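Here are some short exercises to work through with the structure open beside you. Try each task before you read its solution.

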Amino acid sequence: MHTLCLVPHQTLARKWRQSSLRENQRLRPFSISGLVSSLLKEKGAPYRENSLLEILAVGEGIWHHQTELEYFQPVLQFSGFLRDLHSLFQRIAMDGSVIDRMPDAEAEEIMLLYGDYYQRLEAMGVWDQATQLKMAMQYWPQSQLQAEISEVELYYLGELNPQEERFVRLITADRPTVVKGFRETRAEITTAVAKDPIVEIHYIAKQLKKAILRGENPEKLGIALPQMDRYLPLLIPILDEYDIPWVNQAPALTHVPMGRAVLTLLQATIAKWPKHMLQQLTAPGWGFPFLLGQSERRALKLAPPLRGLSAWQEYLGRFPGWSDVLTILNNAKHLNKNLPLNEHVENLNQLLAVFPPQKWPAQTGNQWATHLQACEGINHICSGFAMSSQLLSFAQFVSLLETAFAGYRLPQARSFVQKVSISTLEMAIGMDFHILYVPGMIEAVFPKAPKFDWITKEMQTHNDQVVFEQIGYSACQVYVSYPQGDLEGKPNMRSPILPQASFRIEVEQPKRGGASKWFPSNGLLHDSSIRDVLASFYQQRELSVSRLNLYADCPYRFFCSEILKLEADEVADDEITAPEEGQLIHEVLRRFWEQLGNDPIQDILTQCYQEAEQRLTGRVRRMIEQFTQKDYALVSASGYRPRYLE
């Protein structure tokens, strides 16, 4: 007889199954979804599992019944409505009481769409998770596994919905059942703080490298990310830089370079090309394979936070590499239209034809395989969407694509190389790591705040704190860290579930050979005779707070000004300062409205800047134009003209 082990995720079940075979144990480990799949496979049930077709079924139902909907009519064009409705349908199928708590008018329209959704799935032969679970429960009494197992062990299964709870009760009925933990004692959790995510990740990479060099099995080392989307593009290039073998457990299409780059391109088109998205689109190894040199990348790094391709064209267009990139991105601008879904897909395919998989950089065979799998996944999703001719806005199309990308899992490449595991926090539970690193634990990310479901008017809580508690029983040593600031310099707060940091991650300064006693690399003086002279010097004079601040800010500058008595040359600054620019713009708007808006504002703007002998930039022209357009709209709507302007 066998022991059935129910565990929280399929990666852990696969790991336990392999070790059970090696050690000749009579264990049958499954996650709930894995057990359901195994039962339906044994039954020979003819069904399709396709989240893409589920999303399309929701959309087709909305578009088919849109003239019959009154309660939801104002939000039908909202880009996230389809995604939220699909999530609600899954909750209703697992827990029917959700619909009972909704107002009658709302519940009636939801049930109309819900019934249409399942009719479409049935016509396509698609079973969603709720249907699969229902059919597995019906087959369980006749299954071979039911006859083979003598006892059941339940490990941490996370939050279960009512249907999953019924499934577990069915399996454990009339059998000895034991609720077990992964480890008897909780690991010691060490908390650290870093200046920013780059410093944080470099520290983790160095520690992993040291652990591997001293003989640690890479499979016993792990990195769990609470913020996968933001950290993965930073983490992977640094791990490759340190030659650390890694594997991303069951990555979604949104978490691989090609998928992330495509979504960022579309999102940037809607968001008017903010700087951080442009940086992500061109990040080496993670963005599109644009051929940019060091000078082009530095130009973007030092650029102000502009918006709009025309502004970027003016600022970056003088660089040949950027000129080519902006030409390609200008083609993406034409995607932002209201079109049938199949035409949206056709336009996207034409844009992506410029970047076939062979153009994406790949250092290893694993990276090349990931590019091919991602390309196949994008083609699969696009071919599915091409079946529909429903008219959609570009924002709705992007929202649809985001949902499809997040639900598409890339198949894992088989490898005999031992690798460091990269996963979400949930996927790290029970994996029995020797050392587990958890970076990015900031207040804004973990634990997640309760989410208000605007359809059901209910608060949805998260079990993040329980997940973190289970992490402590899934490794021997857990190192948790957080950055004090992000890459844009914005401050972060540590997660409230973490204790005060026990140490600070510092950047190791590069060693410089031949440093003289007068110009030491660390800002300290080591020559005893020089220190004696300085001590006697400052015994005769007071060391003011400003001098102390100067030393704290830059010891070298303190040394030059206070000891060597050097004076900095005056440097003429031709650039206009922010206060000066603000005063000029204020004067332009004052003159414009004093003349009742009769003179063109661009003429007044040019005149004011000429009088002040300042250079007028395209950025200021666009800002003034946008500001006055809004003012014109307010004046036209109200019938009043401003007399004073502040």
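## Exercise 1: An enclosed space

**Task.** Find which residues line the second largest cavity, and work out which classes they belong to.

**Solution.** Start with the lining itself: T190, T191, A192, Y203, I204, Y437, Y479, V480, S481, F503 and I505 surround the second largest cavity of this predicted model. Next, place them on elements: β5 (188-194), α10 and β14 (475-483) each give at least two residues to this lining. Now sort by class, and you get eight nonpolar residues, three polar ones and no charged residues. The space enclosed is about 60 Å³. To set it in context, the structure has three cavities of 30 Å³ or more. If you wonder how such spaces are found, rolling a probe the size of a water molecule over the atoms shows where empty space is left.

## Exercise 2: An open pocket

**Task.** Describe the second largest pocket: what is its volume, and which helix supplies the largest share of its lining?

**Solution.** First take the volume, which is about 1,700 Å³. Then look at the lining of 43 residues, where L234, H276, Q279, Q280 and L487 lie nearest the centre. Five helices each supply at least two lining residues: α10 (197-213), α11 (228-241), α12 (257-270), α13 (275-281) and α14 (294-301). Of the lining, α11 brings the largest share, with eight residues. Finally, the classes: 20 lining residues are nonpolar, 11 are polar and 12 are charged. Notice that α10 has turned up twice, as it also helps to line the second largest cavity.

## Exercise 3: One histidine

**Task.** Decide whether H371 is buried or exposed, and list what it touches.

**Solution.** Begin by finding H371 in helix α18 (residues 365-385). The relative accessible area of H371 is 5%, and the cut-off for buried is under 20%, so H371 counts as buried. Leaving out residues up to four places away in sequence, H371 touches P257, M258, W360, P361 and A362. As a last step, compare sequence and space: K359 is 12 residues from H371 along the chain, with 9.8 Å between their C-alpha atoms.

## Exercise 4: The nonpolar cores

**Task.** Name the residues with the most contacts inside the largest nonpolar core, then follow L85 outward.

**Solution.** The largest core holds 107 residues, and L85, I110, W273, F288, L329 and F385 have the most contacts inside it. Setting aside neighbours within four places in sequence, L85 is in contact with V58, I62, I110, L113 and I455. Another core, of 30 residues, lies apart from it, with V7, Y156, V480 and Y482 among its members. You have met V480 before, in the lining of the second largest cavity. Across the whole protein of 646 residues, 45% are buried.

## Exercise 5: Where to trust the model

**Task.** Which element has the lowest mean pLDDT, and which stretches fall below 50?

**Solution.** Start from the average: the protein has a pLDDT of 80, and 85% of the residues score at least 70. By element, helix α22 (residues 528-539) has the lowest mean, 67, while strand β11 (residues 433-438) has the highest, 93. Residues 509-522 are below 50, and this stretch has 11 contacts beyond near neighbours in sequence. Residues 570-574 also stay under 50, with one contact beyond four places in sequence. Where pLDDT is low, the predicted coordinates should not be read in detail.

How values were computed
Residues are numbered from 1 along each chain as its sequence is written. This is a predicted model: local features need pLDDT of at least 70, side-chain atom pairs count only at pLDDT 80 or more; totals for chains, interfaces and linings use all residues. Side-chain values use heavy atoms; hydrogens and water are left out. A nonpolar core is a set of buried Ala, Val, Leu, Ile, Met, Phe, Trp, Tyr and Cys residues joined through side-chain atoms within 4.5 Å. Buried means under 20% relative accessible area, exposed over 50%, partly exposed in between (1.4 Å probe, protein chains only). Contact means heavy atoms within 4.5 Å. On a 1 Å grid over the protein atoms alone, a cavity is a set of points where a 1.4 Å probe fits but cannot get out, and a pocket is an open set with protein on both sides within 12 Å along at least five of seven lines; lining residues have an atom within 4 Å of a point. Grid points are joined across faces, edges and corners, and a volume is the space filled by probe spheres set on the points. Helices (H or I, at least four residues) and strands (E, at least two) are DSSP runs, numbered from the N terminus. Ala, Val, Leu, Ile, Met, Phe, Trp, Tyr, Cys and Pro count as nonpolar, Asp, Glu, Lys and Arg as charged, and the others, Gly among them, as polar. pLDDT is the predictor's confidence in each residue, from 0 to 100.
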